[in-house]
Amino acid sequence: MNDYEKILKEAQENEDVVGFILVGSRGKGFENEHSDYDAVMIVKDEATAIRDKYEKTALDNVDLSVRSLSDFKTFAGWESPESWDRYNYAHVKILVDKTGGELEKIVHKKGHIPQDKLDKFIDWWIDGYVNGVYRSVKCIRNGSLFGAHIEAANSMLDLLTLVFAMNGRHRPFLGYVEKELKAYPLERLPWSSDEFVAKMKKVLETADLKTQQELLSGIEKLSREMGHGKMFDGWEGKDKWTMNFK
């Protein structure tokens, strides 16, 4: 029995353990031959002994975090210092839940953007993405191809954050993007997952003007359908040229 199997067995049998979550690549079904086991053990608030035990135990091929239930409820809260870790709780495997379903609800909330924050968040990233395309196209117009590449690459990160937010989801860790789109396709996306990835790759490799404009046009249409057209309404006059520059 390896270390991971021993820990999972203890989580199942120890009454002080109330939950066990497999996160990381294995939790999402993205593992490969190099993947270790990233896991979170949730214990009763008073179960300090088990937390102390694993803090002092060296584990083979297992990255284990032990948290009390109270601590886990607030961990990785929106705009908290650990908010970067919220995606870790999307599409995970809850292997032990002795809380009567409470743990599942907590994990679900962490794995999604809070509903009351969503509209503002989407508006913010529309603005960031549109400005990124504007800067890239401006560089193309001015003959600064290196600048165009950098700005285009940066805008693709904003675009990824945006399209996942439009579906209420966190942007994946970048190494997971293709796997995420295939395993958990976005319902709101103007292109198929394969088409979207192909367009992004082309922009990343060449800063291709036409492809940038195709992506921007598709996002504008989707934004207006979702009630976020105001973020594009300001793009008139001197800045509007970037959307149809040839």
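The backbone nitrogen of Asn-32 lies 2.9 Å from a polar atom of the Ser-35 side chain. That side chain also makes a polar contact with the side chain of Ser-25, at 3.1 Å. A polar contact is a pair of N or O atoms within 3.5 Å; within protein, one must be able to donate a hydrogen and the other to accept it, and residues adjacent in sequence count only if both atoms are side-chain atoms. The model is predicted, with local features needing pLDDT of at least 70 and side-chain atom pairs counted only at pLDDT 80 or more, while totals for chains, interfaces and linings use all residues. Residues are numbered from 1 along each chain as its sequence is written, and side-chain values use heavy atoms, with hydrogens and water left out.

Ser-35 sits in the loop between helix H2 (24-28) and strand E2. Helices (H or I, at least four residues) and strands (E, at least two) are DSSP runs, numbered from the N terminus. Ser-35 counts as buried because its relative accessibility is 9%; buried means under 20% relative accessible area, exposed over 50%, and partly exposed in between (1.4 Å probe, protein chains only). Leaving aside neighbours within four places in sequence, Ser-35 is in contact (heavy atoms within 4.5 Å) with Ser-25, Arg-26 and Asn-61. The C-alpha atoms of Ser-35 and Gly-229 are 42 Å apart, with these positions 194 residues apart along the chain.

Asn-61, one of the contacts of Ser-35, has a positive phi although it is not a glycine. His-91 is likewise a non-glycine residue with a positive phi. Most residues other than glycine have a negative phi. The table lists the two residues.

| Residue | Phi | Place | Relative accessibility |
|---|---|---|---|
| Asn-61 | about 65° | loop between H3 and E3 | 39%, partly exposed |
| His-91 | about 60° | loop between helix H4 (69-74) and E4 | 26%, partly exposed |

The strands form an open sheet of four, in the order E3-E2-E1-E4, with mixed pairing. Two strands pair if DSSP finds at least two bridges between them. Strand E3 (62-68) and strand E4 (93-97) are the edge strands, each pairing on one side only. From one strand to the next, the twist averages 15°.

Strand E1 (residues 17-23) and E4 run antiparallel and are joined by four bridges. Ile-21 has Ile-94 as its bridge partner in E4. Helix H5 (residues 102-110) packs on the sheet, where it touches E1, strand E2 (37-43) and E4, and its direction makes about 150° with that of E4. Axes are lines fitted to C-alpha atoms, for helices over the stretch in contact, and angles run from 0 to 180 degrees between N-to-C directions.

E2 and E3 run parallel, with seven bridges between them. In E3, Asp-63 is the bridge partner of Asp-38. The chain passes from E2 through helix H3 (residues 48-55) to E3 in a right-handed β-α-β crossover. Right-handed here means that, with the strands pointing away from the viewer, the path from the first strand over the helix to the second runs clockwise. Strand E3 is largely enclosed by the rest of the structure, because five of its seven residues are buried.

Glu-10 belongs to helix H1 (residues 3-13). At 17% relative accessibility, Glu-10 counts as buried. Not counting residues up to four places away in sequence, Glu-10 touches Val-17, Ile-50, Lys-53 and Tyr-54.

The largest nonpolar core has 37 residues; Ile-126, Tyr-129, Leu-159, Val-163, Phe-196, Leu-215 and Ile-219 have the most contacts inside it. A nonpolar core is a set of buried Ala, Val, Leu, Ile, Met, Phe, Trp, Tyr and Cys residues joined through side-chain atoms within 4.5 Å. The elements giving two or more residues to this core are helix H6 (115-142), helix H7 (145-165), helix H8 (177-183), helix H9 (193-206), helix H10 (209-225) and helix H11 (230-233). A second, separate core of 17 residues includes Tyr-4, Ile-50, Leu-64 and Val-66. Apart from neighbours within four places in sequence, the contacts of Tyr-129 include Met-156, Leu-159, Leu-162, Gln-212, Leu-215 and Ile-219.

The protein contains eleven helices and four strands, and 48% of its 246 residues count as buried. Its C-alpha atoms fill a box of roughly 65 × 35 × 30 Å along the principal axes. Among contacts between residues at least 6 apart in sequence, 66% join residues at least 24 apart.
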